[in-house]
Amino acid sequence: MDDASRPEPDAAAFPADADAETRAEFLLRYAVLAPSSHNSQPWLFGVEDDEIRVYADESRQLTVADPDGRELYVSVGCALENLLVAAERFGVGCTVEYVADDDRPESGPDAARHVATVRLDRESAVATDRESTPATGRAAALFDAIADRRTNHRPFRSESVPESLLERVEADAASVGVGLELVTDPARRERIAALQTRADERQFDDPSYRAELGRWIGDGSLGAGWLAARVGQLAVRHLDMGAREGKKNSKLVTSAPVVAVLTADKDTVESRLRVGRAFERAALTATSEGLAVHPMSQILEVEELRAELSELLGLGESEPVHLFRLGYADPDATRTPRRPVEDVLV
Ligand SMILES: Cc1cc2nc3c(=O)[nH]c(=O)nc-3n(C[C@H](O)[C@H](O)[C@H](O)COP(=O)(O)O)c2cc1C
């Protein structure tokens, strides 16, 4: 995959008068711009009439870093949210139905798991007037942010995040049934940074972890700017970089004015998808307001540290599912590639 291969959809080309299937395929151009762990893009879609079946492609799972598939489903949830934001922008009403764990067939096409179905409203094909109502204004801003959003790996500035934005992110998470812990207090951020250091040391000490990361870097998935530029695929395979990464990443954690953790009462496929939706909406909201986001999964990937994080946050029975930094930063120029829609249709 070369760094330039990232589709740039043209909103003006929305086929408002076309049949539901054509409109659905157009909306998927925005779904595929979603973030995903290691840019694995573990999504597939089946379009039939007014129905879009959403699949998780388990062949793209990070079997070392993400053995139980949490990040896989969170990533698919991000793509689902982009799809829904794009539908709203073009005035296409739709409903989402999650496939209950019990109802899911053993496997779908090519190790894909059917996880949700989006049904488009046949009648509402008219493009919305983007500035006419406040709700439409927000839909337009979120939509525009889909193409602009990037993961920002740079240090963040200490400037605090406006309370109104945090309230919006919290309300959006609640609206999809997901909890959100916002850590702004410096002492607690320091403690999370210490967990981050230990997570990096632990993971980079594991040759299979380094090999998996090296494979995705070698594939070009993470873009030319990431770790690849500094150490290259071979170094990731063969050197223990834990101490260096741990130090750098813990500084990134303490630099951020907000460390956010999305939580779920029960750890199910549906709750992971919902967390993905909440994260992507938060990322789009942040982007539209000139803020940066950066998911950092390492703590959650090491069971013992994940338990320590839960305790530090006082989560009780609820599960920490996704952690990210939020704040202001200089732009990150890294451009990650995407598979085109044709490649993710089943
Ligand atoms: C579930 C999930 C976990 C992620 N974990 C990390 C992480 O631990 N560290 C990191 O730098 N980026 C992480 N990312 C960001 C991805 O690497 C990024 O989305 C992907 O490379 C595509 O780049 P983009 O977000 O700039 O479009 C994560 C993204 C998702 C959705």
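This report describes a predicted model, taking the ligand site and then several helices and one histidine.

## The ligand and its shell

The ligand has 23 residues around it, and those that come nearest are Arg-149, Thr-151, His-294, Ser-297 and Arg-338. By type, the shell is made up of twelve polar, six nonpolar and five charged residues. Two domains take part: domain 1 (11-150 + 335-344) and domain 2 (163-205 + 240-327) each supply at least three residues to the shell.

Several polar contacts can be listed. A side-chain N or O atom of Arg-149 is 2.8 Å from an oxygen atom of the ligand. Another oxygen contact involves Thr-336, with a polar side-chain atom 3.0 Å from an oxygen atom of the ligand. Pro-295 takes part through its backbone, where an N or O atom lies 3.2 Å from a nitrogen atom of the ligand. The ligand taken alone exposes 610 Å², and the protein buries 95% of that area. Among the helices and strands, H2 and strand S7 (292-295) are the elements that give two or more residues to the shell. H2 gives the most, with three residues.

## Arg-149

Arg-149, one of the residues that come nearest to the ligand, sits in the loop between helix H3 (134-148) and helix H4 (163-175). Its relative accessible area is 3%, under the 20% limit, so Arg-149 counts as buried. Besides its contact with the ligand, the side chain of Arg-149 has a polar atom 3.2 Å from the backbone oxygen of Leu-33.

## Helix H2

Helix H2 covers residues 70-89, which makes 20 residues. From its first C-alpha to its last, H2 reaches 29 Å, close to the 28 Å expected at 1.5 Å a residue. Because 19 of its 20 residues are buried, H2 is largely enclosed by the rest of the structure. After H2 comes Gly-91, which has a positive phi, near 70°.

## Helix H9

Helix H9 (residues 269-288) also has its length given: its 20 residues should span 28 Å at 1.5 Å a residue, and the 29 Å between its end C-alpha atoms agrees with this. Of the 20 residues of H9, 16 are buried, so the helix is largely enclosed by the rest of the structure. Gly-290 follows H9 and has a positive phi, near 80°.

## Helix H5

Helix H5 (residues 186-204) has 19 residues, for which 27 Å is the span expected at 1.5 Å a residue. The end C-alpha atoms of H5 are 27 Å apart, in agreement with that value. At the N-terminal end, Asp-185 acts as a cap, with a side-chain oxygen 3.2 Å from the backbone nitrogen of Ala-187. The buried residues of H5 include Arg-189, Ile-192, Leu-195, Asp-200 and Phe-204.

## His-114

His-114 belongs to strand S4 (residues 112-120). With a relative accessible area of 17%, which is under the 20% limit, His-114 counts as buried. Its side chain makes a polar contact of 2.9 Å with the side chain of Thr-117. A polar atom of the His-114 side chain also lies 3.2 Å from the backbone oxygen of Ala-116. His-114 and Ala-100 are 14 residues apart in sequence, and their C-alpha atoms are 9.8 Å apart in space.

Conventions. Residues numbered from 1 in each chain as written. Heavy atoms only, no water. Helix = DSSP H or I, 4+ residues; strand = E, 2+ residues; numbered from the N terminus. Expected span 1.5 Å × (residues − 1). Buried < 20%, exposed > 50% of the residue type's maximum accessible area, 1.4 Å probe, protein only. Near = heavy atom within 4 Å. Polar contact = N/O pair within 3.5 Å; in protein donor to acceptor, adjacent residues only side chain to side chain. Areas by Shrake-Rupley, 256 points an atom, 1.4 Å probe, with all protein chains shown as cover. Nonpolar A, V, L, I, M, F, W, Y, C, P; charged D, E, K, R; others polar. Domains from an automatic or database assignment.
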